[in-house]
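Q: I'm new to this structure and would love a close look at one part of it. Could you walk me through how its strands are put together into sheets?

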Amino acid sequence: MRLGFSSLGSVPPAGAALFLSVLAPLVGPGGAYKLNVPKVLLPFSRDKRVPFVLGAEGGCYSWDSTRHDTVTIEPVYENGTTCSRRALLTTCSTQATKLASVVMAEEIVTGHLLRCDVIVDLIDHVEIISRTREIYVEDSPLELSVRALDAEGNTFSSLEGMEFEWSIAKDDEMENLELSSKIRILKYSEAEYSPPDYIVEMEREEKQGDRILVSGIKTGAAVIKVRIQEPSYKKVAAAMVRLLVLENIFLMPSYDVSLLVGAYIRYKIGKVVQGKITEAELPLEHYELQLRDEAKAPGGSDLLPVAELDVDTATVTAMQLGQVNLVFVHKSFSVQPGNRWILEVKRAYTITVEVYDKSSSKIYPSDNLRITHRFPGEHFEEVTSFVNGTYHIVRILKDGVSIIKASLVSVLLQSGLEDFLLAPISHEQEVKIYLPIKLTPSFLAFPHHPLDALYRYRVQVTGGSGNFTWTSSNQTVATVTVKGVVTAGNSGDYRLGHRLQRILSGAIKLQFPVHVLKLSKMELLPFHADVEIGQTLEAPLMMYHTEKETGETTAFTDCSLLALDVSMDKQGVFALDAE
């Protein structure tokens, strides 16, 4: 987005002319006899006879093969007639070696012969073919297909019907990334696209063929892997392709804009989701707006920029004559664990600084880069940092809101001199820091009730942002309300009733166990047993579950729903309180 401010030949004998007019329909336009391909290379397969359609022009043909043990031929007739211009070639070799056959097509009227060499060979390696390596989030899917080659690098003519295994693989260039969350493999039946008939049939049989569709889910990178799903080719290495999933975003308006000095324009961010244009909210998760390539008008002030940008509202204000480009750039910071800028006091985090070019391609963080950084000492303690400034381990000291900053200022040359950038590349990041989340109690344990009575217990929570989301990993064992009230006790198998209950505050997650276990033992805890007449004596009773294998005991948090039979050896001394 750019912003501007301001010789005839002899006549043949009659007999010859009559002869040509009779033969014209047989030989076709121009009298051409042709095959669609001169050579066919088909893969050996024990599981599948790979087909290929051989076509001819200029008449009707009969077909034959010099080696019927290598390739079979089945004529294809046109519209129920006896005229064949196509033949279905099918591999039938049982030998895992290179074999060749000659297919002859004879025009049935003139006897004209056409020849095609058919070779059956082993696949040496496979490749993945794609029209692009970039796809957009929730946009049209991308088709990937397999190209198979022999040992000499020749491409096989057909892989129809062969079974392949497509999967998402680990990306060696990325760490701590769940690739399956970035991209997914689609069936053609799940999309509005028509594949070849054999792919439709394979999908019905829950098999994968030589082509698939992939769809972007979240921005990032993903690696797709394919291998031949046939024992004969178990030693053939899998092929891989790395795809980049991008946000399909653009500025609105998307044309060049001229402003008067002092005037401003507020941009909107358009986003394409499933073919529909929607407005994206600021700030964007992976990109930010920047003004670049500033060109001031002659005589312009060196103290003022051509324009100023409010990144929170995407508003550009003209400050003086000139022009400047408004562009999307990839954000330059990342943090682990969590990959979110919501941090906890007393925890250590790894912060990396990444550099991207104008096309959002990541620059390799070489050792001779010099990136300065600033972590406010009030909130951060620097544990270690790389010399080039791209990698830092910090410990969080205090809660609050803080700004961290990094700038690429120079490159250290082999001569020892520093080559400083005329315009350092900088980036700031706002960080929200909270006190650690603490749950009271740290776990819950309830005895299994024979009548499936349910216990309810409210968990107390401190720290975090105060905005919590509660979830249960198994609602048959325990459920939880939005206020943290846990309901548990109804478990089909109390011995296997251990489940996790989770609480989230922004990007901060905490887990604690909820147990529904069998009652193993109970005991009265030591207490002061002397009491005045008329006063109440409370006897603390504790119930436990004991693991038979380890002998480890777990005290129950609440056992108030269990019916107790209380008896005393001397009557008339104490009266049991009904409560």
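A: Happy to. Let's begin with one pair of strands: 6 bridges join E32 to strand E35, which covers residues 400-412, and the two run antiparallel. To find one of these contacts yourself, look for Arg374, whose bridge partner in E35 is Lys405. Please keep in mind that this is a predicted model.

Now step back to the sheet around that pair. It is an open sheet of 4 strands, in the order E28-E36-E35-E32, and the pairing is mixed. Strand E28 (342-344) and strand E32 (369-374) stand at the edges, and each has a single partner strand, so one side of each is left without a neighbour in the sheet. From one strand to the next, the twist averages 35°.

A word on what holds such an arrangement together: strands of a sheet pair through backbone hydrogen bonds, and they do so either parallel or antiparallel.

With that in mind, here is another sheet to set beside it. This open sheet has 3 strands in the order E18-E21-E22, with antiparallel pairing. Its edge strands are strand E18 (249-252) and strand E22 (276-280), each pairing on one side only. Here the twist averages 40° from one strand to the next.

Within this sheet, 5 bridges join strand E21 (residues 268-273) to E22, and these strands run antiparallel. For a contact to look up, try Val272: its bridge partner in E22 is Ile277.

Notes: Residues are numbered from 1 along each chain as its sequence is written. This is a predicted model: local features need pLDDT of at least 70, side-chain atom pairs count only at pLDDT 80 or more; totals for chains, interfaces and linings use all residues. Side-chain values use heavy atoms; hydrogens and water are left out. Two strands pair if DSSP finds at least two bridges between them. Axes are lines fitted to C-alpha atoms, for helices over the stretch in contact, and angles run from 0 to 180 degrees between N-to-C directions.
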